[in-house]
Structures are given as structure tokens and as C-alpha cells.
Amino acid sequence: EKVLGKTHPDTLLTIMNMTNTHMQGFNDFVKAEEMFRQALNGYERSLGKQHEDTKMCAKNLAILYVDCLQSKGKLQELVNDYPHVPSTMYGATELLNS
């Protein structure tokens with residue numbers, strides 16, 4: 001962050017990788033959500049909402065909402081901004097329709 005900046009793609013990719021550690025290694029889903037949001041906001045600012053890296057980050061956040069948190073409300077908010085998410089992952093449509 002200090003060298004490249006908070007919204008540099010390499011910084012954001014590092015945050016994404018660290019997020020997976022919190023999610024899978026520590027089962028710290030609250031911290032993982034915070035880090036995914038930080039990365040998603042950075043991708044949106046630096047690359048825009050339509051960039052593939054931004055969409056990938058949104059999908060990863062959706063996976064957290066579906067698989068770990070079972071949060072229909074948060075998933076719906078994310079889908080409002082990224083309508084592609086449910087069609088690209090297993091379980092999202094089911095959670096939204098439950």
C-alpha cells in the first residue's frame with residue numbers, strides 16, 4: 001500500500017489473497033467481508049465497475065455471502081450493483097429465492 005497506493009491493482013490483489021486466508025484459514029468471515037469490501041471499493045475506483053477484476057472481486061464477496069454467511073440481504077445489495085453475480089455462481093440464485 002505504501003509503495004503502490006491503496007487502489008493499485010497489485011495492492012488489491014494482495015488484499016484479495018489475504019482475504020482468502022481469513023476466510024478459509026481462520027474462519028474469520030467478518031474480517032474477510034471487510035477486506036473484500038476494501039478491495040471491491042478499490043477496484044471500482046481504479047478500474048471501474050465493468051472491469052473483469054472488479055467483477056471477480058464482487059463474485060468472491062458473493063461466495064462469502066452464500067457459502068459462509070448465508071446473508072440474503074447482503075447478497076441482494078451486491079446483486080443490485082453487480083447483476084451478473086447470481087448467474088456466475090452456484091447457490092446465489094437459490095439463496096436469493098429462498
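What follows is a chat between a trainee and a mentor about helix 2 and the side-chain pairs in this model.

Trainee: Before we start, what kind of model is this?

Mentor: Residues are numbered from 1 along each chain as its sequence is written, and side-chain values use heavy atoms, with hydrogens and water left out. Local features need pLDDT of at least 70, side-chain atom pairs count only at pLDDT 80 or more, and totals for chains, interfaces and linings use all residues, since the model is a predicted one.

Trainee: How far apart are the end C-alpha atoms of helix 2?

Mentor: Helices here are DSSP runs (H or I, at least four residues), numbered from the N terminus. The expected span is 1.5 Å times one less than the number of residues. Helix 2 has 19 residues (29-47), so it should span 27 Å, and that agrees with the end C-alpha distance of 26 Å.

Trainee: Which helices do the buried residues of helix 2 pack against?

Mentor: Take buried as under 20% relative accessible area, exposed as over 50% and partly exposed as in between (1.4 Å probe, protein chains only). In helix 2 the buried set is A32, E33, M35, F36, A39, L40, G42 and Y43. With contact meaning heavy atoms within 4.5 Å, their partners are helix 1 (9-25), helix 3 (52-69) and helix 4 (72-81).

Trainee: Is R45 buried or exposed?

Mentor: R45 lies in helix 2, and its C-alpha is 29 Å from that of F26, 19 residues away along the chain. The relative accessible area of R45 is 59%, so call R45 exposed.

Trainee: And which residue follows helix 2?

Mentor: Look at the backbone just past the helix: phi there is positive, near 95°. The residue is G48.

Trainee: How many salt bridges does the count come to?

Mentor: Side chains of opposite charge can pair when their charged atoms come close. The rule asks for a side-chain nitrogen of Lys or Arg within 4 Å of a carboxyl oxygen of Asp or Glu. By that rule the count is three.

Trainee: Which residue does E34 form a salt bridge with?

Mentor: An α-helix has 3.6 residues a turn, so residues three or four places apart point the same way. E34 and its partner both lie in helix 2, three residues apart, about one turn. E34 is partly exposed at 46%, and the closest N and O atoms are 3.2 Å apart in its salt bridge with K31.

Trainee: Which residue does the side chain of K74 meet in a salt bridge?

Mentor: K74 counts as partly exposed, at 33% relative accessibility. The N to O distance in its salt bridge with E33 is 3.0 Å. This pair links distant parts of the chain, 41 residues apart, with K74 in helix 4 and, in helix 2, E33.

Trainee: What is the closest N and O distance between K49 and D81?

Mentor: K49 is partly exposed at 33%, and D81 is too, at 43%. Their salt bridge has its closest N and O atoms at 3.6 Å.

Trainee: Where do K49 and D81 lie?

Mentor: The pair is 32 residues apart and links distant parts of the chain. K49 is in the loop between helix 2 and helix 3, and D81 is in helix 4.

Trainee: Why is C57 not bonded to C68?

Mentor: A disulfide is a covalent bond between the sulfur atoms of two cysteines, and the cut-off used is a sulfur pair within 2.5 Å. C57 is buried at 0%, while C68 is partly exposed at 27%. The structure holds zero disulfides. The sulfur of C57 is too far from its closest cysteine sulfur, in C68, for a bond: 15 Å.

Terms used. Helix = DSSP H or I, 4+ residues; strand = E, 2+ residues; numbered from the N terminus.
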